[in-house]
Every structure is written in structure tokens, then in C-alpha cells.
Amino acid sequence: VEGNRFWRSAINNVYMASPDCWVLNNTMSESGDSSMVVRAAAGDMRLNGNKFWFAGMYAASEVTGAGLHLQDAGIRSIEGSANTFQDTWGPAILASGDTAIRLSGTIDHAGGGRIEQQGFGYRGARTQPRTCVRALGTLRRAELDFRVIGGDLNGSANRPHLLHISGGGIMGCDFKFNGDLAGINPTPVVEAGGSTNDKRWNKVRFNDR
């Protein structure tokens, strides 16, 4: 899948369940829910040079609204670089998975603040966290390395966290961020209640700190 534009989709721009695919230099935007959903059958995938933006902007009910949603616990071997995530209603990356998830790129004002300010997206009470990356459940030995910018454009009341950890199975992951912390929530890393990730050898770094 190369050089395409997927936009103004009622649900997701792209839904991928085919293995051994290359997804290169595409634009996925203005979706009712997430820009791209990946299922377990789509392992051994390469994602390079794509732009995922204005995810979840056409929705009357609360949606996931992720730039990239790795939906299943059994996802293996997803590798991507030079991808950009901009103006996502939910997180830029919502990641379940098993092993060998390696992603890098740029996250530009995730968490839906600008979408809401412009009058788009779900307008009711928000139950999802505002965050750049949200890690779920069985994510293991993942490597995520992102430059974060533009959080200040969300407004002071809508600042996203860098990372939201949900679930006790997350193990051996390396979350690396750099860029601009000016618009990030004063609590950059949040572990959801009930999680048991202590002593599981996860690393979270910002500019190697």
C-alpha cells in the first residue's frame, strides 16, 4: 500500500488484517474513529513515511480516535519509522501487542484538544485519557521512540500525558521521547489504577533522562 490518500472515512481510514505488508508514504486523515487499525493477523508489517491525522474528528459518540491502533494482544513484528501523528482525538499510538513492536516518528498535539477547539469530534463527557502514547495489556519488549511537539496548542486544560500505561502485563518496553514538554501534562507518565508494572523492566526516557 503506497502513495495513497485515505480521508473522510465514516469509521477507520485503513483496517489491516493481512500479513507481510508494506504501508509506505500514505496519508490517512479525517476519520470517524482511528486512522489505522492493525489486527493480529497483520504481523510482519512495515510502516514508513505515513501521516496519520485528524483521527476521530467525525464522531457523535466517544471513539478510540487513535492515529495508529494496534488492537490485538497477539500482534507481532510491526516496524515503522518516519511516521507523523497529528491532531488525534485519542492517543497518537494505542498499542496492544506481543513482541517486536518498533515504532518511531513525530507526535504533534495528540489528545484531541485542537479538534475539540475547532468544533469537531465527540462533544460529551470524556472518559479516555489525553495522552501521546497509551500502552495496553500484553505489550512486551516494544521500542517506541517519538519526538513530541505542539502540546501547547491543545490549551492548558487539555494537555496530554506523554505515556499512559493501562494493564499489568506490559513488560520489557523502552519508551523514549524527545522534543517539547511545554504543552505536556505536568504528570508526564500515568499508570492506570490496578496496574502492576513495577519491577517489570520498562524504561521511560525523555531526552535520555
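**Core packing and overall architecture**

Beyond its neighbours up to four places away in sequence, Thr131 touches Gly90, Pro91, Ala92, Ala110, Gly111, Pro160, His161, Leu162, Leu163 and His164, where contact means heavy atoms within 4.5 Å. The model is a predicted one, in which local features need pLDDT of at least 70 and side-chain atom pairs count only at pLDDT 80 or more, whereas totals for chains, interfaces and linings use all residues. Residues are numbered from 1 along each chain as its sequence is written, and side-chain values use heavy atoms, with hydrogens and water left out.

Thr131 lies in strand β12 (residues 131-136); strands (E, at least two residues) and helices (H or I, at least four) are DSSP runs numbered from the N terminus. The relative accessible area of Thr131 is 0%, and the residue is therefore buried, a class defined as under 20% relative accessible area, with exposed set at over 50% and partly exposed in between (1.4 Å probe, protein chains only). Between the C-alpha atoms of Thr131 and Ala92, which stand 39 residues apart along the chain, the separation is 7.7 Å.

At the level of the whole chain, one helix and 17 strands are assigned. The radius of gyration is 15 Å, close to the 17 Å that the globule rule gives for 209 residues, so the chain is as compact as a globular protein of that length. This radius is taken over C-alpha atoms, and the globule rule is 2.2 Å times the number of residues to the power 0.38. The C-alpha trace spans about 45 × 40 × 30 Å along its principal axes. Of the 209 residues in the chain, 52% are buried. Among contacts with a separation of 6 or more, 71% are accounted for by residues 24 or more positions apart.

The exposed area of the chain is about 8,900 Å², of which carbon and sulfur atoms supply 49%; accessible areas come from the Shrake-Rupley method with a 1.4 Å probe, and for residues only the protein chains shown count as cover. The chain carries 22 positive and 20 negative charges, whose mean positions are 2 Å apart. Lys and Arg count as positive and Asp and Glu as negative, while His and the chain ends are not counted; each charge is placed at NZ of Lys, CZ of Arg, CG of Asp or CD of Glu.

The largest nonpolar core comprises 40 residues, and Met36 and Ile93 have the most contacts inside it. Such a core is a set of buried Ala, Val, Leu, Ile, Met, Phe, Trp, Tyr and Cys residues joined through side-chain atoms within 4.5 Å. Apart from the largest core lies another, of five residues, including Phe54, Met57, Trp89 and Ile115. Ile93 is found in strand β10 (residues 93-95) and is buried at 0% relative accessibility. Not counting residues up to four places away in sequence, the partners of Ile93 are Leu68, Phe85, Leu103, Cys132, Val133, Arg134, Leu144 and Phe146. The C-alpha atoms of Ile93 and Trp53, 40 residues apart along the chain, are separated by 12 Å.

His69 belongs to strand β8 (residues 68-70) and is buried, with a relative accessible area of 11%. With residues up to four places away in sequence left out, His69 touches Ser34, Met36, Val37, Val38, Thr64 and Leu94.

Two loop residues were also examined. Ile184 is placed in the loop between β15 (174-179) and β16 (189-191), and at 5% relative accessibility it counts as buried. Outside its neighbours within four places in sequence, Ile184 is in contact with Cys132, Val148, Arg159, Pro160, His161 and Leu162. Ile11, in the loop between β1 (5-9) and β2 (14-16), is by contrast exposed, at 55% relative accessibility. Ile11 touches Ser31, Gly32, Asp33 and Ser34, again not counting residues up to four places away in sequence. A separation of 9.6 Å is found between the C-alpha atoms of Ile11 and Ala55, which lie 44 residues apart along the chain.

Positive backbone phi values occur in residues other than glycine. In Phe54 phi is near 50°; this residue is part of strand β7 (residues 51-55) and is buried, with a relative accessible area of 14%. In Ala100 phi is near 60°; Ala100 lies in strand β11 (residues 99-108) and, at 39% relative accessibility, counts as partly exposed.
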